[in-house]
Amino acid sequence: MNAGRTTDALLYLDGVSVSFDGFKALNQLALLIAPGEMRAIVGPNGAGKTTMMDVITGKTRPDTGDVLFDGGRHDLTRLDEATIAELGIGRKFQKPTVFESHTVEDNLRLALKAPRSVFPTLAARRTAEEKARLDELFATVKLDAQRRTQAGGLSHGQKQWLEIGMLLAQDPALLLVDEPVAGMTDAETFETAELLKRINRTHSVVVVEHDMAFVRELGVKVTVLHEGSVLAEGTIDQVSADQRVVEVYLGR
Amino acid sequence: MIVQRLAGRLGLSELAFVAIVAGLAVLVPLANLTMPEGSLLHVSNASVVLFGKWMCYALLALSLDLVWGYCGILSLGHGAFFALGGYAMGMYLMRTIGTRGVYGNALLPDFMVFLNWKELPFTWYFFDWFGYAALMVMLVPGILAFVLGWFAFRSRVTGVYLSIITQAVTYALQLAFFRNDMGFGGNNGLTDFKDILGFQVQAQSTRAALFALSALALLGGFAAAKAIVSSKLGLVLVAIRDAETRTRFIGYRVEHYKLFVFVVSAVMAGIAGALYVPQVGIINPSEFSPANSIEAVIWVAVGGRGTLVGAALGAVLVNAAKTWLTAALPTLWLFVLGALFILVTLFLPRGIVGTFGAKFLGRRGTK
Amino acid sequence: MPSPSGGIRPMPELKRLLPRFIAPLLVLAALVLGPAPGALAQSVGDTLAKFATDRFPDTARGVEEIARSGHPTALEIVEALGENRLAYSQADRSVYVIGKDDQVRSAETGAPVADIAPNQLRRVRINNPVRSAIAAALGALRLNSADPVQRRAAAEAIMQAHDADQAPALEAALGREKDARVATAISQALAALRIVDTKQPESVRLAAIDTLAERGDREALVMLRNVPAEAPAAIRQRAERAAAAVERRLSILGGVQNVFFGLSLGSVLLLAAIGLAITFGVMGIINMAHGEMVMLGAYTTFAVQEFLRTSAPGLFDWSLLFALPLAFLVAGGVGIGIERTIIRFLYGRPLETLLATWGVSLALQQAVRTIFGSSNREVGNPAFMTGSFDLFGISLTWSRMWIVVFTIAVFAFLLFVIRYTDYGLRMRAVVQNRAMAGSVGIRTNWIDALTFGLGSGIAGIAGVALSQIDNVSPNLGQGYIIDSFMVVVFGGVGSLWGTLVAALTLGIANKLLEPLAGAVLGKILILVFIILFIQKRPRGLFAQKGRTAES
C-alpha cells in the first residue's frame with residue numbers, strides 16, 4: 001500500500017495484529033476509511049470485528065501495526081480511550097449501553113461536546129446554546145417524548161437510538177457503530193438505516209453488521225473480515241459473488 | 001448564591017435532614033448547659049459525647065456514600081482516612097499537654113519519654129500549632145487517597161479488587177501504627193488530652209461546643225457532597241458507576257473523576273476523625289481495623305446508598321442500636337450486625353431512604 | 001501471613017542438663033583407670049547403704065563410688081536418683097530403683113521385687129551438690145554406656161559444658177570407641193577442650209582447630225572464638241580462618257533455614273488461600289466468611305479431640321485423621337448452606353456478596369464464641385506432630401514439616417478433582433459458559449453449590465492443620481482472610497498454580513525480610529509490595545488473558 005495515500009485517509013489501519021493466548025484475533029489487518037465515507041463491515045463470528053473496534057478506540061493495544069487517524073495526524077495506538085473519543089471517534093456498542101439511572105436528557109447532556117476535564121465539569125451550567133443543541137438532537141433521534149424518562153425504562157430500539165444520539169452529541173468525525181439493528185423490528189431496522197444515512201451526510205461512519213438486508217439497504221462499500229484479516233472488499237453484490245466469501249460466510 | 005442554588009435542589013427529606021441537624025446543633029448544647037439536671041429537657045454529658053460521636057460517624061458515612069453510592073467505589077479502608085484525621089488532631093492535643101504530662105516534659109509527649117526518646121520526631125514538628133494540625137487533618141488523608149487513587153484508578157483496578165486493596169491498606173496502616181518506633185504511641189495510641197485551643201477537653205461547655213461543631217461539620221459535608229452530586233460532575237460520577245467503559249468512550253477521563261471524588265471523600269472522613277478524637281479522648285491503632293471500615297459500609301447500606309441523607313441516617317440508626325444492644329444484650333450485638341449485613345443486601349439493597357424516601361429526595365437523589 | 005506470635009509456638013528448648021560445675025575428679029580417675037569388678041564387687045552393698053542414710057553428703061559420696069564401681073546397674077541407679085526414682089526401705093535400709101512404670105527393682109541386681117509397692121519406700125532426696133555429682137557421674141557413665149546414642153550424647157554434653165576435667169575420660173573413651181560417629185563426637189569434644197589447653201603442644205591444638213572447623217556449627221564457632229588472644233600466632237590465625245569459614249557456612253545454612261521457614265509459612269498461606277482460590281478465583285465469589293470456614297475446621301478438631309479424650313483416649317494420636325473428613329463436612333456443609341440461602345441471590349453482584357458474607361462471618365464468629373467461649377482452646381498435637389528433628393544442622397519442627405506435606409497433598413487432590421473427575425469437568429464447563437453448560441444438561445445451580453462447598457470444605461481441612469500451629473479462637477479466621485485474598489489476587493484470579501506460586505513466594509519473601517526488617521515491618525513491606533504489584537498487573541502473576549466480553 002502506498003504510504004503517500006495515508007495522509008488522505010480519515011482512518012488508516014495497516015498490518016494490525018492482536019493475539020490473545022496464541023489465538024490471533026486480528027492478523028495483518030489493513031483498512032482505509034476516507035473522509036465522509038460510510039463503510040459496512042461484515043464477517044462471521046470471531047472474524048475480529050469487535051477486536052478491530054477495540055483497537056481503534058484504544059481499548060486494546062495491537063501487538064503490531066499502525067492505526068492512524070485524521071490523515072495520519074494521530075497515532076491511535078498511543079492514546080487512551082478518553083483522548084481518542086475527544087479527537088472525534090465515537091463508538092456505539094453491540095449491546096446498547098446507556099446510563100440507565102440518568103434521564104434521556106442527562107444521557108445526551110453528558111455526551112454533548114464540552115470540556116471533559118474535572119473542574120470545568122464541576123462548574124458547568126446549563127446554557128441556552130446547550131439547550132438548542134439538545135433540542136436538535138431530540139429531533140434527530142425522535143425521543144422528545146421520553147426526555148425526562150430514566151434511560152433504563154426505554155425499549156431496546158429506543159436505547160439503540162439514544163446511543164446513536166449520544167454519538168451524535170459528541171459530534172465525532174468518525175462513528176463506529178456495532179450491530180445497530182440487532183433485535184430490532186423490520187420497521188425499526190429500516191428507520192435506523194435511514195438515520196445512519198442522514199448522519200453520514202455530515203459524519204464518516206463504520207457500521208459492523210450481520211444483517212445482510214440492512215447492509216444492502218445502506219448501499220455502501222462492504223468489507224468482509226475473516227479470521228482477523230480482510231477477505232474481500234467491494235459493493236454488496238461484488239462480495240456476495242465472491243466464492244471465498246460465500247464459503248466462509250454467506251454459504252454456511 | 002451557592003446556598004440558593006443548592007436549596008432549590010433539595011427534596012423534602014433533605015430539607016428535613018438539614019433542619020434536624022441544624023436544630024440539634026443548637027438545641028443539644030442548650031439543653032445540656034442551661035437545663036438543670038433531672039429536668040426532662042436536660043441532655044446528660046454522656047449523651048452529648050455519644051451524639052457527638054454519631055455526628056462524626058454520620059460524616060464518615062456521608063463521605064463513604066459519596067464514593068460508593070455515587071461512583072461505585074466500595075472503599076473498605078475509609079476508616080483509615082478517619083483514623084489519620086484523628087491522629088493528626090490527637091498529635092495536636094498531645095503537644096498542647098506540655099508539662100502537664102506524667103513526666104512533665106515540655107516538648108516530648110509522655111510515651112516518648114517512656115520510650116527514652118531524646119528528640120521529637122520530625123513528624124511531630126509544628127503540631128503544637130492548631131492551624132498546622134487542622135491542615136494536616138485534611139492533607140494527610142487527602143494525600144494518601146491521592147497516591148492510592150492515582151495508582152489504582154490509572155491501572156483500572158476496580159470493583160472487588162479495589163475493595164480488597166483498600167482493606168489491605170488500612171490493615172497495613174494498623175500494623176504500622178502498632179509499632180512503637182513509628183512514633184505514634186504504638187499500641188496505646190494517643191490519650192490523656194488536656195485542652196483544645198485553650199479550652200479544657202473534659203469541660204462540659206467544650207463538649208457541647210464540640211458537638212455543635214460536629215453537627216455543623218456534618219451539615220458542611222452534606223452541602224459539599226450535595227453540590228458535587230447535583231453538578232454535571234455528579235452526572236459523570238453516576239455514569240461511571242453504571243457504565244464505566246461507556247463513560248470513557250464518551251471522552252471522560254474516568255480516573256481523574258474517581259481521583260477527585262476519592263480525595264474529597266477522604267478529606268471529609270479525615271475531618272470526621274479529627275472531631276471524633278477530642279470527644280472520645282483517645283485514638284489508637286484499632287481505629288484502623290478493617291472491621292471498622294466495613295462497619296461504616298453497612299451504615300451506608302442500611303440508610304440507602306446514593307442518597308447522602310440515608311448514609312447519615314444509617315450511621316445514627318446502626319450506632320444507636322449498637323449502643324443500646326451492647327449494653328442490654330452484649331452477646332446479641334454481633335448476630336444483629338451480621339444479620340443486618342445479610343438482610344440489607346438481600347432484601348433492602350437500596351436502603352431505608354432509597355426504598356421508602358426516594359420520592360422525597362431532591363434532584364438526582366439517584367435510582 | 002499469620003501473625004508471628006500466632007504462627008510460632010514457643011518450642012521446648014533442648015534442655016542442657018549437664019551443669020558446668022566442676023565434677024569430682026575422683027569419679028573420673030576411677031573410670032579412666034578402668035573398673036576392677038572383682039575387687040570392688042563386695043563393697044557395692046556398702047556403697048548402696050550410703051543412699052539409705054538420708055544425709056546429702058553420704059548420697060553424694062554414694063554417687064561417686066557407684067560410678068567408680070563399674071557395677072552393671074550403676075547407670076540405672078544414678079539416673080534413677082536424678083529423676084527422684086531411687087528409694088530405700090526404712091525397715092532394712094535396702095535400696096531399690098522404682099521404674100518409670102512404678103515397678104520396684106533391686107538396686108543391686110536390677111531384679112524386679114514383687115512384694116514391695118513404691119509407696120512403702122522412701123525416696124532418696126537430692127540437693128544441688130548431689131545434682132552436680134550426678135551430672136558428673138552421668139557424663140562419664142554414659143560415655144561408657146553400651147548404647148552408642150548415649151555415648152554420643154555424653155560427648156556432646158561434655159563439649160557444651162566445656163568441662164576441662166573430663167578430658168582424661170574422653171581420651172580413654174576415644175581409645176575404646178568402635179563406632180565412627182561416636183568417635184567423631186568424642187574427638188570434637190576433646191578438641192574443644194584441647195584448643196584452649198596451653199599445656200598441649202601446638203600441633204595438637206592446630207589439629208583440634210581443624211577438627212572443630214570440620215564440625216562447623218554454632219557450637220564450634222563459639223569454641224573457635226574462645227581461643228585467647230595470648231595464644232601463639234599460628235594457632236590464633238588458624239582459628240580465625242576456621243571461624244570465618246564456619247561463619248560463612250552458618251550464614252548459608254541460615255539462609256537455607258529461612259527458605260524452609262518461608263516454605264512452611266507459604267504452605268500455611270496456601271492452605272488458607274486455596275479454598276478461596278476456588279470460591280473467588282473460579283466462581284468469582286468474594287467470601288469474606290472464608291476465614292471462618294478455617295476457624296470451623298479448627299474447632300471441629302478441638303471437638304473431636306475432646307470427644308476422644310473422654311471416650312477413647314487411646315485414639316488420641318489418630319484425632320487429626322478423624323477431624324479431617326469431619327472438618328471438610330462441617331465447613332463444606334456450612335458453605336453449601338451459605339451458598340443456597342444467601343450467595344445464590346447475589347451472583348453477578350460481587351460487592352453485595354462481599355458485604356453479606358462479611359455479615360455471615362460476624363455471625364459465625366459470635367456463634368462459636370457463644371458455644372465455645374471467647375478464649376483460646378487447647379488443641380493437642382498428636383505424637384507424630386510433636387518435637388523437632390535436625391536436617392543438615394537445621395532444626396525443623398515436625399508439625400511444620402507435616403503441614404508442608406499435607407498442603408502438597410491437598411493441592412494435588414484439588415488439581416485431581418478439577419482435572420480428572422466428572423464433577424471437575426462439569427465445574428469447568430459452568431465457569432466457561434454457564435448458559436451452554438445449562439443447555440447440555442448440567443445442573444448449574446448444583447455445581448455452584450458443590451463448588452462453593454468444596455472451597456469451604458478445603459478451608460475446613462486447612463483449619464485442622466492450622467489448629468496445630470495457631471491459637472484456636474473465634475478470631476482465628478480473621479488473621480488469614482486478608483492474607484488469603486492477597487495470595488489469590490497476587491497469583492492471578494482463577495489460577496490454582498498461580499495461587500501456589502504466590503503463596504510460596506510471599507511466604508519465603510516474608511521470612512527472608514523478617515531478619516532484616518522485623519516481623520511486623522516485613523509484613524507491612526510485603527503488603528505494600530502486593531498493593532503496588534496489583535496496580536501494575538491488576539490481574540495477578542498468572543493472569544488469564546482474553547477478549548473481555550464486557551459492554
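**Exercise 1. Describe the interface of chain B and chain C: how much area is buried, and how many salt bridges cross the interface?**

Step 1. In this predicted model, chain B and chain C bury about 3,500 Å² between them, with 79% of that area on carbon and sulfur atoms.

Step 2. Count the residues on each side: chain B contributes 39 residues to the contact and chain C contributes 40 residues.

Step 3. Look for the residues of chain B that lose the most area to chain C. These are Tyr161(B), Ile164(B) and Thr345(B), which together account for 16% of what the chain B side buries.

Step 4. Apply the salt-bridge rule, which finds one salt bridge across this interface. Arg305(B) forms a salt bridge with Glu352(C), and the closest N and O atoms are 2.8 Å apart.

**Exercise 2. Describe the interface of chain B and chain A in the same steps.**

Step 1. The area buried between chain B and chain A is about 3,000 Å², of which 60% lies on carbon and sulfur atoms.

Step 2. The contact involves 30 residues of chain B and 33 residues of chain A.

Step 3. On the chain B side, Lys232(B), Arg246(B) and Phe249(B) lose the most area to chain A, together 29% of what that side buries.

Step 4. The rule finds four salt bridges across the interface of chain B and chain A. A salt bridge also joins the side chains of Arg253(B) and Asp80(A), at 4.0 Å from N to O.

**Exercise 3. Into which domains is chain A divided, and what lies between them?**

Step 1. The division of chain A gives domain 1 (1-87 + 220-252) and domain 2 (98-178 + 189-205).

Step 2. Taken over C-alpha atoms, the centres of domain 1 and domain 2 of chain A are separated by 26 Å. Their contact takes 15 residues from domain 1 and 13 residues from domain 2.

Step 3. The two domains of chain A bury about 1,000 Å² between them, 66% of it on carbon and sulfur atoms. In domain 1, Met38(A), Met53(A) and Glu86(A) lose the most area to domain 2, together 45% of what the domain 1 side buries.

Step 4. Across this domain interface the rule finds zero salt bridges.

**Exercise 4. Which residues have the most contacts inside the largest nonpolar core?**

Step 1. The largest nonpolar core has 259 residues, and those with the most contacts inside it are Leu162(A), Trp124(B), Leu190(B), Trp299(B) and Phe280(C). Domain 1 and domain 2 of chain A each supply at least three residues to this core.

Step 2. Take Leu162(A) and leave aside its neighbours within four places in sequence. Leu162(A) is then in contact with Val98(A), Val104(A), Asn107(A), Leu108(A), Leu143(A), Ala151(A) and Leu154(A).

Step 3. A second, separate core has 34 residues, among them Leu193(C), Ile195(C), Ala208(C) and Met223(C).

**Exercise 5. Trace the pairing of strand E6 of chain A and of the open sheet of four strands in chain C.**

Step 1. Strand E6 (residues 89-92) of chain A points Ile89(A) and Arg91(A) one way and Gly90(A) and Lys92(A) the other way, and all are buried.

Step 2. E6(A) runs parallel to strand E7 (residues 174-178) of chain A, joined by four bridges. Lys92(A) has Val177(A) as its bridge partner in E7(A).

Step 3. In chain C, the open sheet has the order E3-E2-E1-E4, with antiparallel pairing. Its edge strands are E3 (104-106) and E4 (122-123), each of which pairs on one side only.

Step 4. Strand E1 (residues 86-88) of chain C pairs with E4(C) in the antiparallel sense over two bridges. Opposite Tyr88(C) stands Arg122(C) in E4(C).

How values were computed:
Residues are numbered from 1 along each chain as its sequence is written. Chains are lettered from A and ligands numbered from 1 in the order in which they are written. This is a predicted model: local features need pLDDT of at least 70, side-chain atom pairs count only at pLDDT 80 or more; totals for chains, interfaces and linings use all residues. Side-chain values use heavy atoms; hydrogens and water are left out. Two strands pair if DSSP finds at least two bridges between them. A nonpolar core is a set of buried Ala, Val, Leu, Ile, Met, Phe, Trp, Tyr and Cys residues joined through side-chain atoms within 4.5 Å. Buried means under 20% relative accessible area, exposed over 50%, partly exposed in between (1.4 Å probe, protein chains only). Domain bounds come from an automatic or database domain assignment. Contact means heavy atoms within 4.5 Å. Buried area is the accessible area (1.4 Å probe) that two parts lose on being put together, summed over both.
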